Amino acid sequence: MTEKAYEMTVGLEVHVELLTRSKMFCRCSTRFGDPPNTNVCPVCLGLPGALPVPNLEAVKLALRAALGLGAKINLESGFDRKNYFYPDLTKGYQITQYRTPLAQDGSIEISEPKKRIRIRRIHLEEDTGKSIHAGDDITTAGYSLIDFNRSGVPLIEIVSEPDIASPEEARQYLEKLQRTLRFAGVSDVKMEEGSMRVDCNISVRPTGSTRPGVPVEIKNLSSFRAVVKALSYEFERQVAALEAGERVVRETRHWDEAKNVTRPMRAKETSEDYRYFPEPDLPPLVLDEAFIREVRDNMPRLPDEIAAYYTEKLGLTEYDAQVLTLDPNLCSFFEKCVEKGAEPKMAANWIMGEVLGYMNRAGLTYEEIPVTPENLVELLELIKAGTISGKIAKDVLVKTIETGKSPSVVVEEEGLRQVSDEGELLAIIEQVIAANPGPVQDVRNGKEKAIGFLVGQVMKATKGRANPAKVNIMLKEKILS
Ligand SMILES: [Zn+2]
């Protein structure tokens, strides 16, 4: 039997930290990277008698996320206690929304295959502290350190329906989710800093079977690559087990990044294990229509809307629009170029090719675009006017980035103007013809390839400053007439 005989069903639970300045139920700072245990108080340490007060800004951001994901908002939701013991959870419970979430029934559309992944619920909760194990193995290191700065940071959890059928679909869903939340200003969604974390639920069954497979959860994946690899590994592991006639155990597993395997962590909890009950310290969360309308009216533009504008109004391709809407800063950079007179398709090509290429090589983030819109627009004008060739323009861009000088200044200082004087070009062409009798004879004999060689020689002699199309025509005229 082949693996095609089995199919996977995947649902994702994504935790996202909200971009608030203070925590979910107290005024402590949420700043990442502060010295351990400096942003704490009786509320987020769970000291007796401390009472939680919900953060209005967190509710607003969660609403934005829900609206951005097309979910239905529940005008009345509430908070519940999820009881479990874990060293980084001082209260012995987490405040979350169990009975009624803030929002439900949203979706995300992925493109390959074109498919809508349903979102079951979006709820608010608080983060736990962070354990730092000294050494790899707690039993040999003997101790763990706990930082409570993260304890009580506002989170939303976004739970998808099990509509995902491959690791690649999971990647697309997460990528789109991350993009939407970033544009909506909900979170900085940095997987490397833990502000976006993913749990996967995967089950495997014979293709077409109506009986669901046994769900296995893979916890705390910290990159899209890890999600793809962990799902692929887990699929093969479960297929092998089913083929061998073994039972797949319902459990929670951990992804071992170094060894590329999943390992059992614990038996999977069920909701009974958590003994949920309504949080007695908080009243129900009641929202009015006016508040929701205000959040809706202040929604930033989302990637799908921007991409549609780029393709329909600015004439970009679907692909261009997808790349430019990777990040809000990239969009605003592109739009400034267009505002300053750049032709949209040409600006898009240069941003996606040369500017992003440079940023990749230099390891720059989207917050660090190394050239100003003014300078890029000036460079494009120099190309359009025929002052420099596209090829030379690439070098000019790098010099502009590295020196901060404007493209025109670079062109003048380095003498990079295109040779457009026919007399000057003709003299060079005659030299090249005289120096290469063999290839010239080949051209006369109808060998097309030889002309390319001669064009190359002229380009070399002009240090790339000639227009190759023009050189091609002039060479042929000179040789064949
Ligand atoms: Zn606090």
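Reader: Is the crossing of helix 8 and helix 9 left-handed or right-handed?
Author: Helix 8 and helix 9 cross in a right-handed way (the near helix is turned clockwise from the far one by less than a right angle; helices are DSSP runs of H or I, at least four residues, numbered from the N terminus). This is a predicted model, in which local features need pLDDT of at least 70, side-chain atom pairs count only at pLDDT 80 or more, and totals for chains, interfaces and linings use all residues. Residues are numbered from 1 along each chain as its sequence is written.

Reader: At what angle do helix 8 and helix 9 pack?
Author: Helix 8 (residues 328-339) packs against helix 9 (residues 344-362) at about 140°, and their axes are 10 Å apart (lines fitted to C-alpha atoms over the stretch in contact, with angles from 0 to 180 degrees between N-to-C directions). Helix 8 is therefore oblique to helix 9 (not under 35 degrees, over 145, or 65 to 115).

Reader: Which residues make that contact?
Author: Helix 8 contributes F333, F334, C337 and V338, while helix 9 contributes P344, A347, A348 and I351 (contact: C-beta atoms, placed from the backbone, within 7 Å). By class, this contact of helix 8 with helix 9 has eight nonpolar residues, no polar and no charged ones (nonpolar: Ala, Val, Leu, Ile, Met, Phe, Trp, Tyr, Cys and Pro; charged: Asp, Glu, Lys and Arg; polar: the others, Gly among them).

Reader: And how do the axes of helix 15 and helix 16 cross?
Author: The axes of helix 15 (residues 448-461) and helix 16 (residues 468-480) cross at roughly 120° and come within 10 Å. That angle makes helix 15 oblique to helix 16. Their crossing is right-handed. Helix 15 offers I451, L454, V455, V458 and M459 to the contact, and helix 16 offers P468, V471, N472, L475 and K476. These residues divide into eight nonpolar, one polar and one charged.

Reader: Changing topic, what domains does the chain have?
Author: The domain assignment, automatic or from a database, gives domain 1 (3-290), domain 2 (296-414) and domain 3 (422-480). The centres of domain 1 and domain 2, taken over C-alpha atoms, are separated by 36 Å.

Reader: How many residues of domain 1 are in contact with domain 2?
Author: Nine residues of domain 1 are in contact with ten of domain 2. On the domain 1 side, helix 1 (56-68) and helix 3 (167-183) each supply at least two residues. Helix 3 gives the largest share, four residues.

Reader: Where is E175, then?
Author: E175 is in helix 3. E175 is partly exposed because 14 other C-beta atoms lie within 10 Å (buried is 20 or more, exposed 12 or fewer, partly exposed in between, with C-beta atoms placed from the backbone).

Technical notes:
Contact = placed C-beta atoms within 7 Å.
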